[in-house]
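Hello,

Here is the structure I promised to pass on to you. Have a look at it first, and then read my notes below.

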Amino acid sequence: MADLEEPELLHLGLEPLHEALGGKMVPFAGYRMPVQYPDGVMKEHLHTRSAAGLFDVSHMGQVILRPKGIMEELKIAFEALMPVDVLGLAEGRQRYGLFTNDQGGILDDLMFTNRGDHLYVVVNAACKAADIAHMTKGMPGVSVEPVTDRALLALQGPGAEAALEAVVPGVAAMRFMDHRVFGDVWVSRSGYTGEDGFEVSVPEVHADAFARKLLAQAGVAPIGLGARDSLRLETGLCLYGHDIDTTTSPVEANLVWAIQKARRAGGAREGGFPGAARVLKELAEGPERLRVGLRPEGRAPMREGVELFAEDGTPVGKVTSGGFGPSVNAPIAMGYVARAHATIGTTLLGEVRGKRLPVTVAEMPFQPTTYKR
Amino acid sequence: MKYTKEHEWLRVEGDLVVVGITEHAATQLGDVVFVELPETDTMVAEGDEVCVIESVKAASDILAPVDGEIVAVNTKLVDAPALVNEDPTGAGWFFKMKLDDLSVLDQFMDEDEYQDLIG
């Protein structure tokens with residue numbers, strides 16, 4: 001088969017390693033990335049849940065935010081872009097954040113870390129140019145510095161701690177959402193699979209050797225984007241551009257846990273972020289629609305775009321992510337439904353190839369998380 | 001055994017033709033997690049979408065390779081779709097067809113021609 005590669009695709013520093021490991025390379029977010037290795041999506045997914053999976057997420061945007069004045073001003077400026085408590089985040093800790101637009105939609109979701117005299121931010125690959133422009137424009141008193149000489153690796157699963165401890169001694173003492181700097185290696189105890197694990201930023205020049213050292217540890221296997229997607233879906237985590245976008249608010253997206261008390265009505269720094277009027281109103285009154293978990297009753301997966309109906313035939317929403325969950329061994333999905341139909345246990349109908357099949361609104365995550373809190 | 005450009009294999013069994021997908025196709029699709037089979041005793045035309053297979057990543061259709069009648073389906077695939085990956089040319093068969101004239105199979109590729117196609 002002819003491999004018609006897009007000429008403008010960007011190349012990961014670890015591409016030679018992915019190819020040596022037999023990775024099947026596909027275009028993703030402008031990069032040439034491994035969607036799977038010879039084991040395939042199902043085995044890679046199950047391996048991550050039972051041992052340890054190594055993911056190359058170097059396509060994501062790493063950014064340093066440095067205050068031109070004092071740190072407090074940077075935190076306040078960053079809070080003006082997100083419905084999130086930045087001032088309350090302790091040094092050495094990481095937190096989930098969201099950039100909102102003036103309509104209360106989500107421009108991107110991200111992770112940010114308080115590193116004492118600066119913040120370290122990781123954003124989605126497809127949004128990084130826009131995010132950098134947004135931060136630069138929105139925070140004139142802040143130096144927005146894209147990090148372009150570092151790879152980002154995620155090591156996830158019950159075997160991640162022992163494997164990384166062997167290569168970076170000291171990481172075992174970290175708890176979920178801790179961040180520590182070990183020389184030129186930056187480690188966060190977090191990830192996007194629902195498993196305990198780490199995200200590790202390493203200088204690109206050392207990345208290949210570092211990844212090979214991890215792969216040499218017992219139980220560590222390389223995992224592609226396919227399993228990364230099924231792992232995050234089982235955990236009920238959103239994929240930007242699918243489950244959240246500029247039209248979905250954080251409240252509709254069921255991400256209210258990411259909006260700390262300080263930014264809500266009656267909080268110390270209530271509102272004051274783009275789209276606050278809509279977000280605070282939805283917090284008070286409930287949103288018109290809600291992102292929910294969905295469990296098809298049969299074996300047929302319900303994928304992105306499947307229309308959802310109430311049992312009386314009224315259209316109530318749409319699936320935004322869906323597929324097969326290898327660990328739950330059943331089809332799973334998430335999507336937006338009108339609030340009246342969003343109660344756990346409600347039976348809806350999803351239209352698959354012209355047939356309306358039963359699907360139940362379900363609790364998320366579908367698979368219990370194993371974070372080391 | 002005969003092969004179609006759509007990566008199906010066709011094997012004559014008495015006066016019937018057994019249809020499945022090739023190992024190459026199964027590998028490309030990835031782990032199959034769901035199979036929707038046709039009704040038996042239905043007449044189908046060449047090119048009709050008669051089965052749906054869903055892998056972890058995507059859904060694909062299996063087309064009727066020729067005109068004929070579906071006389072049997074592999075119901076084991078409903079509960080064990082992974083048979084398509086484990087034994088694509090054996091236990092992972094999809095359906096059996098009855099044709100008016102088995103000579104229509106002459107148009108399809110033999111093993112060597114198919115290996116050239118995927119090689």
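I will start with a strand pair in chain A: strand β16 (residues 307–309) and β19 of chain A run antiparallel to each other, joined by two bridges. Please keep in mind throughout that this is a predicted model. Within that pair, L308(A) has G350(A) of β19(A) as its bridge partner.

β19(A), which covers residues 347–352, has two distinct faces. L348(A), G350(A) and V352(A) make up the covered face, while T347(A), L349(A) and E351(A) lie on the uncovered one. So that you can place the strand in its surroundings, here is its other pairing, too, with the cut-off in mind that two strands pair if DSSP finds at least two bridges between them. β19(A) also pairs with strand β20 (residues 355–362) of chain A, again in the antiparallel sense, and here there are six bridges. One of the residues involved is L348(A), whose bridge partner in β20(A) is V359(A). β19(A) and β20(A) form a hairpin with two residues between the strands. In that hairpin R353(A) takes a positive phi near 50 degrees, in case you want to look at the backbone there.

Next, the domains. Chain A is divided into domain 1, made of 10–57 and 149–234, and domain 2, made of 288–373. Taken over C-alpha atoms, the centres of these two domains of chain A are separated by 29 Å. Where they touch, domain 1 of chain A contributes 14 residues and domain 2 of chain A contributes 15 residues. On the domain 1 side of this contact, α2 and α7 of chain A each supply at least two residues, and α2(A) gives the most, with four residues. By class, that side of domain 1 of chain A has five nonpolar, three polar and six charged residues.

Helix α2 of chain A (residues 41–50) deserves a few words of its own. How many of its ten residues are buried? Seven are, so to speak, under cover, and the helix is mostly covered. The buried residues of α2(A) are V41(A), M42(A), E44(A), H45(A), H47(A), T48(A) and R49(A). They pack against four strands and a helix of chain A, namely β3 (31–36), β4 (52–56), β10 (150–156), β14 (220–222) and α7 (225–234).

Now to chain B. There, three strands form an open antiparallel sheet in the order β4-β6-β7. Why do two of these strands each have a side without a neighbour in the sheet? β4 (32–36) and β7 (59–63) of chain B stand at the edges and each has a single partner strand, so one side of each is left free of a neighbour in the sheet. On average, neighbouring strands of this sheet are turned by 25 degrees against each other, direction ignored. β4(B) pairs with strand β6 (residues 49–55) of chain B in the antiparallel sense over four bridges, and F34(B) has E54(B) of β6(B) as its bridge partner.

Lastly, the contact between the chains takes nine residues from chain B and eleven residues from chain A. On the chain B side, β4 and β6 of chain B each supply at least two residues, with β4(B) giving the largest share, three residues. The residues on that side of chain B divide into four nonpolar, one polar and four charged.

Best wishes

Terms used:
Residues are numbered from 1 along each chain as its sequence is written. Chains are lettered from A and ligands numbered from 1 in the order in which they are written. This is a predicted model: local features need pLDDT of at least 70, side-chain atom pairs count only at pLDDT 80 or more; totals for chains, interfaces and linings use all residues. Axes are lines fitted to C-alpha atoms, for helices over the stretch in contact, and angles run from 0 to 180 degrees between N-to-C directions. Two residues are in contact if their C-beta atoms, placed from the backbone, lie within 7 Å. Ala, Val, Leu, Ile, Met, Phe, Trp, Tyr, Cys and Pro count as nonpolar, Asp, Glu, Lys and Arg as charged, and the others, Gly among them, as polar. A residue is buried if 20 or more other C-beta atoms lie within 10 Å of its own, exposed if 12 or fewer, and partly exposed in between; C-beta atoms are placed from the backbone. Domain bounds come from an automatic or database domain assignment.
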